[in-house]
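Please go through the charged side chains of this predicted model with me. For each label, I would like the value set against its cut-off.

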Amino acid sequence: MRTREGGRIDVDEAAVIARVRAGEAEAYAELVRAHTAPALRVAAAFGAGADAEDVVQSAFFKAYCTLGRFRDGSPFRPWLIRIVVNETRNTVRSSARHRAATGREAALTEAEPLIPESADPAVAAVEEERRAQLTAALDELSEEHRQVVTCRYLLEMDEAETAAALGWARGTVKSRLNRALRKLGRILPPDVLGGGGEKHE
């Protein structure tokens, strides 16, 4: 199984996992490199704030320790994201800290360049503003609605991957996404959700 993140990292996940299980622990670094950026975005978007890197490190460690229970043939990312979500929840609950939208946006931006370097600067500026508006609007949603929008829009996960990552049924993903988008539609300018984000059925 091949996975591509931002067009920059291409990893044969099944082969890497087999190597790790066979005792080649250093091969796990390939999975870490391939999935760190989306994991950081999830941790930041779900409220980890300044603790996002610690949360992600802990999630990768737990994933490594439980790799023996990973189901062969399944995509690695939704499985990892579910661990990141749980780690983030634990961190937020224990610290009881609240983060502002600006902090979340900064964490998202630092996690990975969201605009390709080759993009037209004007287009990049518009896209960056659009993403900032969406990120700020997420603060006005419930936790569940914020989670489903983050997975579908910021991480570009499909419905099945989102269901696996969040531990929900696909019907739940669909209904919560629809409700979240209706709320965002009342908050955001019309063009913010219309530019390529209409992936929900």
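**Salt bridges and accessibility**

E159 and R170 are paired in a salt bridge in which the closest N and O atoms are 3.2 Å apart. This pair links distant parts of the chain, with E159 in helix α8 and R170 in helix α9 (residues 170–187), eleven residues apart.

Q: Why is E159 called buried?
A: The relative accessible area of E159 is 7%, and buried means under 20%, so E159 meets the definition.

Q: What makes R170 partly exposed?
A: R170 has a relative accessible area of 46%, and because partly exposed covers the range between under 20% and over 50%, that label applies to R170.

Q: Why is the contact between R77 and E161 called a salt bridge?
A: The N to O distance between their side chains is 3.9 Å, and the definition asks for a side-chain nitrogen of Lys or Arg within 4 Å of a carboxyl oxygen of Asp or Glu, so the pair qualifies. R77 lies in helix α4 (residues 76–95) and E161 in helix α8, 84 residues apart.

Q: How do you know whether R77 is buried or exposed?
A: R77 has 12% relative accessibility, and the cut-off for buried is under 20%, so R77 counts as buried.

Q: Why does E156 count as exposed?
A: E156 reaches 56% relative accessibility, and exposed means over 50%, so the label follows. E156 sits in the loop between α7 (143–154) and α8 (159–166), and has a positive phi of about 55° although it is not a glycine.

Terms used: Residues are numbered from 1 along each chain as its sequence is written. This is a predicted model: local features need pLDDT of at least 70, side-chain atom pairs count only at pLDDT 80 or more; totals for chains, interfaces and linings use all residues. Side-chain values use heavy atoms; hydrogens and water are left out. Helices (H or I, at least four residues) and strands (E, at least two) are DSSP runs, numbered from the N terminus. Buried means under 20% relative accessible area, exposed over 50%, partly exposed in between (1.4 Å probe, protein chains only).
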